[in-house]
Amino acid sequence: MPPRSTPSDPSDPSNPSPAPTRKDGRDARAPGDGNRLYLGDNLDVMRSLPCESIDLIYADPPFFSGRSYGLNPSSEGSQPHFRDQWPQGLEGYLAWLVERLREMRRLLRPSGSLFLHLDWHAVHYAKVEMDRIFGYDHLQNEIVWSYHSGGGSRRRYGRKHDTLLWYTASREGYQFNTDEVRVPYDAAIASSRRRLFHRDGKVDGSVWEIPRPPNHSKEWTGYPTQKPEVLLERIIRAHSLPGQVVGDFFCGSGTTLVVSHRLGRQWVACDCSPIAVEVASARLRQSGEATAQGGLPATQFIVDEGPFPEDRLPVRPPD
Ligand SMILES: C[S@@+](CC[C@H](N)C(=O)[O-])C[C@H]1O[C@@H](n2cnc3c(N)ncnc32)[C@H](O)[C@@H]1O
């Protein structure tokens, strides 16, 4: 099936500006050659993309939670559109995940980073696999995203954090824009050491206190596993530059995509759920309107339902 028409498609009369096309008239496929939202299995999609073509990948896969999700929390269990259930158990889940993480590693540029977002269910097993794929010494941080809400229990401590593993393609020479993640120094530190301080504060630690998007906020789409824009903003600012390419192959409601656009990054994304692609498309159109009013051009993107031919380029496309 050819790419589906979206409001960013030139065939749509309401589209204010043309969708990106390659000058040679071929279908744009290389990341950075027009924003593209793929509907399909991300393994097929990633296999169709060239090596070393993405600067930053955020991966927020199913967590091995055993749950199935409906479009809003109260409908959980009814009409699930996203299942995190694994009849073949942990082994089956890990085999599924590892295949995809290997492809992500192949897609990363040498200065690139991958953030793998999981929680207590499987993050320790996934770390062992990531060490095998990237190298043990390519883990830069284990980040704790602490969110305070949910997870309460009388039988154990409340489960109120997720874990993000930050791996880099190279052990050194990776993108880390430290000025984007500075926070004030502790007031208690002796003033005699102040002359050593950076005027904009210290580089933040690995525990990030960021609330989940509240259900009544403008940001909330109703997508059950939606992540906060502030979390993605921090990752994208610190690990990519304007104009670079951000990838999200489990994009859900499109949080990474709207934030990437707002920050002037290009993006490539995928989800296998038609509902996710619908929610993300609507969100991108809305955010396009908001950013256009704020001075940025509207979001340009194509929804692509495949097929996804395996035409890997052995080397990355020119910058
Ligand atoms: C945890 S959610 C991502 C939420 C997202 N970060 C957000 O902010 O909305 C995981 C997503 O992965 C998608 N998914 C699961 N298996 C997939 C696969 N093989 N290919 C593509 N997407 C997949 C699910 O449909 C779901 O939307």
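Two strands count as paired if DSSP finds at least two bridges between them. Strands β6 (residues 139-146) and β7 (residues 161-168) pass that test, with seven bridges joining them in an antiparallel run. Keep in mind that this is a predicted model. The chain has 319 residues, and 34% of them are buried. Its secondary structure comes to six helices and 13 strands. Here's a tour, topic by topic.

**The sheet**

- Nine strands form an open sheet with mixed pairing, and their order is β10-β6-β7-β5-β2-β11-β12-β1-β13.
- The edges are β10 (207-209) and β13 (302-304); each has a single partner strand, so one side of each has no neighbour in the sheet.
- On average, neighbouring strands here are turned by 20 degrees against each other, ignoring direction.
- Back to the β6 and β7 pair: I143 stands opposite L164 in β7.
- Many contacts link parts of the chain that are well separated in sequence: of the contacts with a separation of 6 or more, 66% are between residues 24 or more positions apart.

**Strand β12, covered on both sides**

- How many residues of β12 are buried? Six of its six, so to speak the whole strand, are buried.
- In a regular strand, side chains alternate between the two faces of the sheet.
- In β12, Q266, V268 and C270 sit on one side, W267, A269 and D271 on the other, and all of these are buried.
- Strand β1 (residues 36-39) runs parallel to β12 and is joined to it by four bridges.
- Within β12, V268 is the residue that R36 stands opposite.
- β11 also runs parallel to β12, again with four bridges, and D248 has A269 of β12 as its bridge partner.

**Helices on the sheet**

- Helix α3 (residues 123-134) packs on the sheet, where it touches β5 (108-118), β6 and β7.
- The direction of α3 makes about 5 degrees with that of β7.
- Helix α5 (residues 255-262) lies across β2 (54-59), β11 (245-248) and β12 (266-271), and runs at about 170 degrees to β12.
- Is α5 mostly covered or mostly open? It's mostly covered, with seven of its eight residues buried.
- Those buried residues are T255, T256, L257, V258, V259, S260 and H261.
- Their cover includes β2, α4 (229-239), β11, β12 and α6 (274-293).

**Where α2 meets α3**

- The axes of helix α2 (residues 89-107) and α3 come within 10 Å and cross at roughly 35 degrees.
- This crossing of α2 and α3 is right-handed.
- From α2, the residues taking part are L90, L94, L97, V98, L101, R102 and R105, and they meet Y125, A126, E129, M130, I133 and F134 in α3.
- Sorted by class, the contact of α2 with α3 has ten nonpolar, no polar and three charged residues.

**Around the ligand**

- Which residues come nearest to the ligand? Of the 19 around it, those are N42, F250, G252, S253 and T255.
- One of these, T255, is also among the buried residues of α5.
- The shell around the ligand divides into eight nonpolar, seven polar and four charged residues.

**Unusual backbone spots**

- Most residues other than glycine have a negative phi, and most peptide bonds are trans.
- E52 isn't a glycine, yet it has a positive phi of about 50 degrees.
- You'll find E52 in the loop between α1 (42-47) and β2.
- E52 counts as partly exposed because it has 18 C-beta neighbours inside 10 Å, while the cut-off for buried is 20 or more.
- H148 is another residue other than glycine with a positive phi, near 65 degrees, and it belongs to the loop between β6 and β7.
- Why does H148 count as exposed? It has 12 C-beta neighbours inside 10 Å, and a residue is exposed if that number is 12 or fewer.
- G264, just after α5, takes a positive phi of about 75 degrees.
- A cis peptide bond joins G306 and P307, with omega about 0 degrees.
- P307 lies in the segment after β13.

How values were computed: Residues are numbered from 1 along each chain as its sequence is written. This is a predicted model: local features need pLDDT of at least 70, side-chain atom pairs count only at pLDDT 80 or more; totals for chains, interfaces and linings use all residues. A residue is near a molecule or strand if its C-beta atom, placed from the backbone, lies within 6 Å of it. Ala, Val, Leu, Ile, Met, Phe, Trp, Tyr, Cys and Pro count as nonpolar, Asp, Glu, Lys and Arg as charged, and the others, Gly among them, as polar. Helices (H or I, at least four residues) and strands (E, at least two) are DSSP runs, numbered from the N terminus. Axes are lines fitted to C-alpha atoms, for helices over the stretch in contact, and angles run from 0 to 180 degrees between N-to-C directions. Two residues are in contact if their C-beta atoms, placed from the backbone, lie within 7 Å. A crossing is left-handed if the near helix is turned anticlockwise from the far one by less than a right angle, and right-handed if clockwise.
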